[in-house]
Amino acid sequence: MNDKDNQIAIVLDWKKNRIRIYKETLYQIGQPDNICLLVNPEIMTIAVQATPCSVGVTHKLNWKKLQGALSIELYSRAFLSRLFNMKLDWDIEHSYRIYGKVNHRMNVAEFKIADAVSIDDLND
């Protein structure tokens with residue numbers, strides 16, 4: 001087992017407007033029924049926050065469909081456009097993986113945009 005096996009991660013795929021959130025991330029924030037994706041352009045972070053109910057811009061999770069899957073996939077052109085507008089030095093022809101940390105007290109996973117690593121779609 002390598003060091004990354006127990007870490008939380010997300011993948012941003014510009015071509016498909018896809019955000020992939022690994023199940024370990026969801027387990028670490030308390031297996032929520034709903035999550036909210038947040039961007040803080042001031043400190044250059046992305047967050048996945050567990051929310052108690054489906055309000056505003058939340059994503060309802062179907063845990064039955066997640067059985068056997070390694071991750072969930074969300075599609076949001078608006079979310080990725082917001083990141084793109086932050087003038088990141090990323091190539092939109094690539095996908096990016098970001099490892100993060102969990103704040104268990106707040107049930108939120110935080111990812112530093114500066115830690116993003118370009119990946120091949122074939123290796124994802």
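Two strands are said to pair if DSSP finds at least two bridges between them. In the present structure, a predicted model, this criterion is met by strand E1 and strand E7 (residues 95-103), which pair in the antiparallel sense over 6 bridges. Within this pairing, Ile8 stands opposite Gly100 in E7.

The overall architecture provides the setting for these strands. The secondary structure of the protein comprises 3 helices and 9 strands, and their order along the sequence follows the pattern β-β-α-β-β-β-α-β-α-β-β-β. Of the 124 residues in the protein, 44% are buried. Among contacts between residues at least 6 apart in sequence, 63% join residues at least 24 apart. The protein exposes about 7,800 Å², and carbon and sulfur atoms supply 49% of this area.

Strand E1 also pairs with a second partner. Strand E2 (residues 18-22) runs antiparallel to E1 and is joined to E1 by 4 bridges. One of the residues of E1, Asp13, has Arg18 of E2 as its bridge partner. Together, E1 and E2 form a hairpin with 4 residues between them. In the turn of this hairpin, Asn17 has a positive phi of about 55°.

The surroundings of E1 were examined next. All 6 of the 6 residues of strand E1 (residues 8-13) are buried, so the strand is largely enclosed by the rest of the structure. The residues of E1 point in two directions: Ile8, Ile10 and Leu12 point one way, whereas Ala9, Val11 and Asp13 point the other way. Residues of both groups are buried.

Leu12 of E1 also belongs to the interior of the protein in another sense. The largest nonpolar core has 31 residues, and Leu12, Ile21 and Leu83 are those with the most contacts inside this core. When neighbours within four places in sequence are left aside, the residues in contact with Leu12 include Arg18, Ile19, Ile46 and Phe79. Leu80, Leu83, Trp90 and His94 are likewise among the contacts of Leu12, as are Ser95, Tyr96 and Ile98.

Aromatic side chains were considered separately. A pair of aromatic rings is described by the distance of the centres and the angle of the planes. The structure holds 3 aromatic pairs. In one of them, the rings of Trp14 and Trp90 have their centres 5.7 Å apart and their planes at 65°; because planes over 60 degrees apart count as edge-to-face, this pair is edge-to-face. The pair links distant parts of the chain, for Trp14 lies in the loop between E1 and E2 and Trp90 in the loop between helix H3 (77-84) and E7, 76 residues apart. Both Trp14 and Trp90 are buried. The rings of Trp90 and Tyr96, by contrast, have their centres 4.5 Å apart and their planes at 15°, so this pair is stacked. Tyr96 is buried, as is Trp90. Trp14, Trp90 and Tyr96 form one aromatic cluster.

A further buried residue was found in strand E4 (residues 45-51), where Thr45 lies. Thr45 has a relative accessibility of 17% and therefore counts as buried, the cut-off being under 20%. Apart from residues up to four places away in sequence, Thr45 touches Leu38, Val39 and Asn40 as well as Phe111, Lys112 and Ile113.

Conventions
Residues are numbered from 1 along each chain as its sequence is written. This is a predicted model: local features need pLDDT of at least 70, side-chain atom pairs count only at pLDDT 80 or more; totals for chains, interfaces and linings use all residues. Side-chain values use heavy atoms; hydrogens and water are left out. Buried means under 20% relative accessible area, exposed over 50%, partly exposed in between (1.4 Å probe, protein chains only). Contact means heavy atoms within 4.5 Å. A nonpolar core is a set of buried Ala, Val, Leu, Ile, Met, Phe, Trp, Tyr and Cys residues joined through side-chain atoms within 4.5 Å. Rings of Phe, Tyr and Trp (its six-membered ring) pair if their centres lie within 6.5 Å; planes under 30 degrees apart count as stacked, over 60 as edge-to-face and the rest as tilted. Accessible areas come from the Shrake-Rupley method with a 1.4 Å probe; for residues, only the protein chains shown count as cover.
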